Amino acid sequence: IPEHFTELSIRMSEALNDSGAGKETVFERRRTYLRREQIEKLARPLVGKKRECFHFGSQSEGTATPGLQSDIDFLSSDNELNIMTVWEDWEAGMKNLLMLHDDTIPPQQYLLQVIQDYTPEPETSLIDDMLVLKDSGQVLLSAERCKQYIAYEARFQGEVTKNGPSVSSKPNWDIVYACHVIKPLPEIQHWIDRCRGIYWPPVELLEAARVAPCFLVPAGHPDSDYKREEWRLSPSLIERMLMFSFNMTQIKCYIVLKQIRKSLFAKIVGDSITSFHCKVILFYTMERTHPKLWCEHNLMFLLWLCLHVLRRWLRLARLPNYIIEGVNLFDGKLSKRMQKRLLVYIDSLIKNNLQDVFYIGIDNIGCRLQACSMRHLVQDGELRGACLRNSISLLLKFECLNRFMNVLMWFKPNQRSYHTNLEQNLKYLICTFLENSKNAISKTAALQFIKHLYALQISVQSSYYLRLRNVLDRENIRRFQYSFNSDIASSRLKFASMLYCYGHVQAAARVLEDVERRYNSKVKAVCGCGRKQRDRELQVFADMSSGNTDSEFSEMPFAFCVRFVRQESYCTPFILLCEMERNITVHEVAQRSYTDKRWMNSAEVDARPFLHYLHYLAYGGLGERDNQLHALTVLASYIYDERNTINLYHKETAFNLLGHCYEMEGEYESALHVYELSLRLQDTNNAANWHARRVLRLISG
C-alpha cells in the first residue's frame, strides 16, 4: 500500500463529508426517499390503484451528491398480475402470465405467455394491442408494446422519454412499469448458494433475499431474436438490501467510484460505464475483502482494490452480473474497442497510485482534496460543510412535501359522496397503517395523510353546517386544530377563513396574527401544481438556513398552498369561489394541461398573499381601518417584490386577491389594472376574466 494512501484516505473522506456525502446526509436522504415510497404506496389504494411502488437507485440508497445529479428511479408493479413460474401457480380471476425460458433466450431474459383468467389454459387470441403471436402459436405480452402503450397514455403529462425499461414524462425521473415475481426463482437460489462461506453478504441478508420479490422489467437483450418481446429479471430489492448493509466507508467508496466514472472515465468511454457497473464492481470487491479492512483510513486502498477488480474483468472482456449468472454487463454498453481504451487508462490510474483523483471535477472533489492539504477555502461562495448539509436537508424536506402535495391532487373533489369517501379513507389509513403496521416510516407517512384528510373532512362538514345555518361547535374547532402542525400556515389559514365565514371575525383575526408571528422571511412555499424556475436550487435553501441551525427551526419552514374544493364553498371567501369557475368558455377547459386538470376545478392560492388578504377582510370586519389599509399595502408590496416570485406559484390568483381589495376600496381603475396584470400572466383559465368584466360594468355605470 502506498504510504500516502492513509493520509489521502482521510482527506478524501473529509472532502466527501464537505460535499454532501457525510453520514448524516446519506441517511437523511435514504429516510426521505423511503418515506416518499410509503407516500406513493399509501395513496394508490385510496384512489383505486392496485400497484406497488418503490424508489430504487442512488437517491433511496443515499449515495447521491449534488454534483452527481442523480435521477430519481421509480418502479411501479401491478398487483393484479400473477406471474407464474409453473402451471400450478395459476390463480382464478387474476391476469395470469407464465414465464418462459429456453436455450434460445439469453440469461436473465424471459417471455411472458398469456394464460386465461378463469381457466388454466393458454390464451389463443390477440385480445389486446400489447399482445403478439409467437411462431409456436403462444400469445405473448410484448415488453416493447407495453412501453409504447405507457408512452401513449402519458403523452398528456409532458414530453415522454424512453431509456432502457424506463418510460417517463417527468424530467429527471426514470419510471419503470414492471411485473413482480413472488415465486422462488432458481437464479436467486443459485446466487445464495454461491455466497455461502464468503466474507459478504452476511447470512441473515441471504435469508431475507430468499423471500424478497423480484421484478420483470420491459427490456430485451440487444442481441436476442425476441428483444421486443423479452422481459428482464431484475432483483432490485435484493440489490437495495445489499446497499443498505454498507458501512460509511463502503458508501463513500461507491460514491468516489461514481465520481471517477463521471469525471474521468467519461472522457474516454462517454456514459458507457454506468453507476450499476460501479455497484457490481464494489459487490465483487466486498465479497473478496476482509470486513476489518473497510474503515476510513483505508478508503484509497479499497478504491485501488475496486479498480483492480475492474481491470481483471476488462482483461476478460466480461463483467458478470453479481446476482444472475451468465450475464455480461458489458454487452450492449461497452464495445471491445472501448474496453481496450478503458483498460489502458485503468492501468495508468493504478500505476500512478490514483493521483488522478485530484482531477475529479464532480462536487469539486479534486479542489477540496487540495484544499484539505493547503488549508484554504475552495471557492468563494461555494456551499460546503454544515451550510451544504443544512441546505440539502431542507431541499430533501421540500421535495418530499412537494411530492405529497402533488399526490393529494389525485383525490377527485367533485364526487357526490366526497365526505363519505374521506371518512372511508381515514378509517383505512388508521386501521391499516397506524394500528396494525410495525413500519415506523409507513406510520409517519400515514399520519401525514390522516392530518390532511381529517382537516379536509372537518372543513367540508363545517361548510355543510354553514349552508344549513348551523352554529360552529367547539368540537369541530378542536378537531380542526389537530392538523395545524402539518406546515407553518395552510391549515391555520383555512381555519381562519372558516371562522370569518361563520362571522367569528375577532377569532379569525387572532388566528391570523398567530400565523403572522410564525411566518418569517425564511419560509418557503410548497405547491403540488407545478414548478418554479430555481425553486430547487441549493442556494435557495442555503438562504433559508442562513443565520439558523436545524434546532432553531421550531417548525419546518414550509407553507403549503391553500386549497379549497367545491364542498368547502361556504368556508371560502367569495372571491376564491370564482377560481373554481375560472374558464369563460368550454374551449378554455379543453386547453388545460394534464396537471391543470387536476387542480383547476378547485381554488388554489399561495399562503402568504392569502394571509394578507384575510387580514384585510378581518380588520375591515372589525372596523380597524388603519390595520386594514396596512394589510392592503403589505399585500401589494409582497406581490410586486420580485424577490418573492420564487414563492408565488399562483401569482395570477394573488393579483386577483389584490384587485378585489381595490374593488372593495372603490378604486376600480386600480382593480382593473391589477386584473390586467393577472391576465398577462395567464390569459385563459383565469378568474380575472370574470373580475375584469365585472369592474368594467361598475366603471361604465
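**Exercise 1.** In which loop does Gln108 lie? Determine also its phi and its burial in this predicted model.

*Solution.* Gln108 lies in the loop between β4 (95-100) and β5 (109-115). Next, inspect the backbone: Gln108 is not a glycine, yet its phi is positive, at about 75 degrees. Most residues other than glycine have a negative phi. Finally, consider accessibility: the relative accessible area of Gln108 is 8%. The cut-off for buried is under 20%, so Gln108 is buried.

**Exercise 2.** Locate Asp363 and state whether it is buried or exposed.

*Solution.* Asp363 is placed in the loop between α11 (336-351) and α12 (365-374). Its phi is near 55 degrees, a positive value in a residue other than glycine. Because the relative accessibility of Asp363 is 11%, this residue counts as buried.

**Exercise 3.** Identify the geometry of the peptide bond from Trp200 to Pro201.

*Solution.* Omega is near 5 degrees, and the bond from Trp200 to Pro201 is cis. Most peptide bonds are trans. Pro201 belongs to the loop between α5 (186-195) and α6 (203-211).

**Exercise 4.** Compare the span of helix α26 (residues 668-681) with the expected value, and describe its packing.

*Solution.* Begin with the expected span: the 14 residues, at 1.5 Å a residue, should cover 20 Å. The multiplier is one less than the number of residues. The end C-alpha atoms of α26 are 20 Å apart, which agrees. Then list the buried residues of α26: Ala671, Leu672, Val674, Tyr675, Leu677, Ser678 and Leu679. These buried residues pack against α24 (625-640), α25 (651-665) and α27 (688-700).

Notes: Residues are numbered from 1 along each chain as its sequence is written. This is a predicted model: local features need pLDDT of at least 70, side-chain atom pairs count only at pLDDT 80 or more; totals for chains, interfaces and linings use all residues. Side-chain values use heavy atoms; hydrogens and water are left out. Helices (H or I, at least four residues) and strands (E, at least two) are DSSP runs, numbered from the N terminus. Buried means under 20% relative accessible area, exposed over 50%, partly exposed in between (1.4 Å probe, protein chains only). Contact means heavy atoms within 4.5 Å.
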